[in-house]
Amino acid sequence: MPKESRTGSAAVRKGARTPTAPKHIRTDWPKEADLQAYVLQRLRRLPGVRAFKTIRCNEAGVSDIILCVRGMYAAVELKKDPKEKPTDLQKLFIESVHEAGGQAIVAYSWEQIARLLVDMGYDTYDNLLQELPKQKAGLPRHV
């Protein structure tokens, strides 16, 4: 029986990425806070987008990230695992954003947020999936 090469099926069994999945896109976030930090980092680098994380506020159920995209309002409730569902209060908040004329989604990945931005007329989906450029030294995080 021939020996299995290190680049053969053993690598696939160990969870190697498929060639179709871009290396910079993660789907295995250890904590929801890690996904939130990644999404905020990407959003804050987009011109015409103002994003902030709601830490604690007076209203239960408020989405994790509030956005202003070229004058349009959006709210994003982030979950790290598709098995996680929004609470009833989170669903009510999302519904109230829709009633106020804004966009609101439950997202499990950057790709879903990129799709929201495209739906809001911001940019093309392929451009939003590009890897982040290196941040210039000396600039604040939100620039």
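1. Lys79 counts as buried, because its relative accessibility is 8%, under the 20% limit used for that class. The structure discussed here is a predicted model, and this note begins with Lys79 before turning to the sheet and the helix that lies across part of it.

2. As to its place in the chain, Lys79 belongs to the loop that runs between strand 3 and helix 3 (88–99). Its side chain makes a polar contact, at 3.3 Å, with the side chain of Gln90. When neighbours within four places in sequence are set aside, the residues in contact with Lys79 are Glu32, Leu35, Glu84, Lys85, Pro86, Gln90, Val106, Ala107 and Tyr108, so a reader wishing to inspect the surroundings of this buried lysine may take that list as a guide.

3. The sheet is open and has four strands in the order 1-2-3-4, with mixed pairing. Its edges are formed by strand 1 (49–53) and strand 4 (103–107), and because each of these has a single partner strand, one side of each is left without a neighbour in the sheet. From one strand to the next, the twist averages 20 degrees.

4. Strand 2 (residues 65–69) pairs with strand 1 in the antiparallel sense, over five bridges. Among the bridge partners, Arg50 is matched with Cys68 of strand 2, and Phe52 is matched with Ile66 of strand 2.

5. Strand 2 also pairs with strand 3, again in the antiparallel sense and over five bridges, with Val69 standing opposite Met72 of strand 3. These two strands form a hairpin with two residues between them, where Arg70 takes a positive phi near 45 degrees. How many of the five residues of strand 2 are buried? Four of the five are, and the strand is therefore described as mostly covered, buried meaning under 20% relative accessible area.

6. Helix 4 (residues 110–119) lies across strand 2, strand 3 (72–78) and strand 4, and it runs at about 165 degrees to strand 4. Strand 4 is thus one of the strands crossed by this helix, as well as one of the two strands at the edges of the sheet.

7. A last point concerns the aromatic rings. Which charged group sits over the ring of Tyr125? The charged end of Arg115 does, at 4.0 Å from the centre of that ring. Aromatic pairs, on the other hand, number zero in a search of the whole structure.

Conventions:
Residues are numbered from 1 along each chain as its sequence is written. This is a predicted model: local features need pLDDT of at least 70, side-chain atom pairs count only at pLDDT 80 or more; totals for chains, interfaces and linings use all residues. Side-chain values use heavy atoms; hydrogens and water are left out. Rings of Phe, Tyr and Trp (its six-membered ring) pair if their centres lie within 6.5 Å; planes under 30 degrees apart count as stacked, over 60 as edge-to-face and the rest as tilted. A charge sits over a ring if NZ of Lys or CZ of Arg is within 6 Å of the ring centre and within 35 degrees of the ring normal. Two strands pair if DSSP finds at least two bridges between them. Axes are lines fitted to C-alpha atoms, for helices over the stretch in contact, and angles run from 0 to 180 degrees between N-to-C directions. Contact means heavy atoms within 4.5 Å. Buried means under 20% relative accessible area, exposed over 50%, partly exposed in between (1.4 Å probe, protein chains only). A polar contact is a pair of N or O atoms within 3.5 Å; within protein, one must be able to donate a hydrogen and the other to accept it, and residues adjacent in sequence count only if both atoms are side-chain atoms.
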